[in-house]
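I set out to record what I looked up in this structure, beginning with the chain as a whole and then turning to particular helices and one side chain.

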Amino acid sequence: MTSDEVVAPVRRSAWWRRVSGRMDKASSAFSAEMHGLAAPGRKLDDAFFDELTEVLIAADCGVELSERLAAALRERARREKLADGAAAIGALKAEILAVMSTYDRSLNLGAVPSVVLVVGVNGSGKTTTIGKLAYRLREEGRSSLIAAADTYRAAAIDQMRVWADRAGTDVVAHQPGADPGAVVFDAIQAAEARRIDVVLVDTAGRLHTKVNLMAELGKIRRVVERLIPEAPHEVLLVVDATTGMNAMRQALAFHETTRLTGLVITKLDGSARGGTLLAVEEQLKVPVKLVGMGEDLDDLNIFDPAAYLDALFGSTP
């Protein structure tokens, strides 16, 4: 194991400790409800499991997942003869962590260049995510190049340049209104010529209901595949946590068009519903790979299920 491999988990743990306090809005309502359920001596009767299901649904875990979690906990409580609510909620947290720990949350960036296609709706935080990811890659000793393929708004290219300057990386851009596929083509060719490690492709924000714009994402993907058959190596959907279960509908549509490999959750500190990402992962079988909070360059990190659940459940077992 290299020194970097030893230091990385330590830095990640420190980052989660630093930002967990920002999740107060997401965690306070949920943990307060869980605290009541986890009271020592609380009977594990029908009322307990009905209330648990309602709490999970209110946290945007989705009806199907909430009912499945409650049913699984009921069976475990019977099988293991759990004593009370405190034991049951501790078991629930462990059950969720076990499921979330089955996913590989690392980024597939072994090829040179690796191509990361970043997609999402307007306002989800794509541009800031790409800037933060470019900075993170630089901190890891990797070079990156940004393809400014959001050509519909001149402001989008300008904003991308600002973030690229902050992150210490270059941007390939055309004039506003240019073909996004041509931007991506030029960026990949430039990366190959310069031996750049990672190409980060910014795409125009689009509503998942706009069929023609979604089809354009398919075209961009085909341009990438023609240049590098095994690419894109990552297709990341940036999801605003404050959108709640609408994130599920977005993810399903983008997954159908672009074959997502991972999710990036932004604004988790502004969401009162911390269960959205549980539901999206369960439905799509696509892992949350990155989490972003705030506007600082280092406010992006690999998703840590244990730290997330600790923050979400608060002081409950």
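**Entry 1. The chain as a whole**

What share of the contacts in the chain with a separation of 6 or more comes from residues 24 or more positions apart? I found that such residues account for 80% of those contacts. I note that the model is a predicted one. I then looked up the secondary structure and found 12 helices and 8 strands. The chain has 317 residues, and 53% of them are buried.

**Entry 2. Helix H3 against helix H4**

I next examined H3, which spans residues 46-58. H3 and H4 pack with their axes 9 Å apart, at an angle of about 150 degrees. Their crossing is right-handed. I listed the residues that meet there: H3 contributes Asp46, Phe48, Phe49, Leu52, Thr53, Leu56 and Ile57. On the H4 side I found Val63, Ser66, Glu67, Leu69, Ala70, Leu73, Arg74 and Ala77. Sorted by class, the residues of this contact are 10 nonpolar, 2 polar and 3 charged.

**Entry 3. Helix H4 against helix H5**

I then followed H4 (residues 63-80) to its packing with H5 (residues 85-100). How far apart are the axes of H4 and H5, and at what angle do these helices pack? The axes lie 10 Å apart and the angle is about 120 degrees. I therefore entered H4 as oblique to H5, since an angle above the 65 to 115 range for roughly perpendicular, yet not over 145, counts as oblique. The crossing of H4 and H5 is right-handed. From H4, the residues in this contact are Leu69, Leu73 and Arg76. They meet Ala88, Ala91, Leu92, Glu95 and Ile96 of H5. By class I recorded 6 nonpolar residues, 2 charged ones and no polar ones. On comparing the lists, I saw that Leu69 and Leu73 of H4 meet H3 and also meet H5.

**Entry 4. Lys126**

Finally, I looked up Lys126, which lies in helix H6 (residues 126-139). Is Lys126 buried or exposed? I entered Lys126 as buried because its relative accessible area is 7%, and under 20% counts as buried. I next asked which backbone oxygen lies 2.5 Å from a polar atom of the Lys126 side chain. The oxygen belongs to Thr203. Leaving aside residues up to four places away in sequence, Lys126 touches Val118, Val119, Gly120 and Val121, together with Asp202, Thr203, Ala204, Gly205 and Val238. Thr203 thus appears in my notes both for its backbone oxygen and among the residues that Lys126 touches.

Methods
Residues are numbered from 1 along each chain as its sequence is written. This is a predicted model: local features need pLDDT of at least 70, side-chain atom pairs count only at pLDDT 80 or more; totals for chains, interfaces and linings use all residues. Side-chain values use heavy atoms; hydrogens and water are left out. Helices (H or I, at least four residues) and strands (E, at least two) are DSSP runs, numbered from the N terminus. Buried means under 20% relative accessible area, exposed over 50%, partly exposed in between (1.4 Å probe, protein chains only). A polar contact is a pair of N or O atoms within 3.5 Å; within protein, one must be able to donate a hydrogen and the other to accept it, and residues adjacent in sequence count only if both atoms are side-chain atoms. Contact means heavy atoms within 4.5 Å. Axes are lines fitted to C-alpha atoms, for helices over the stretch in contact, and angles run from 0 to 180 degrees between N-to-C directions. Angles under 35 degrees count as roughly parallel, over 145 as roughly antiparallel, 65 to 115 as roughly perpendicular and the rest as oblique. A crossing is left-handed if the near helix is turned anticlockwise from the far one by less than a right angle, and right-handed if clockwise. Ala, Val, Leu, Ile, Met, Phe, Trp, Tyr, Cys and Pro count as nonpolar, Asp, Glu, Lys and Arg as charged, and the others, Gly among them, as polar.
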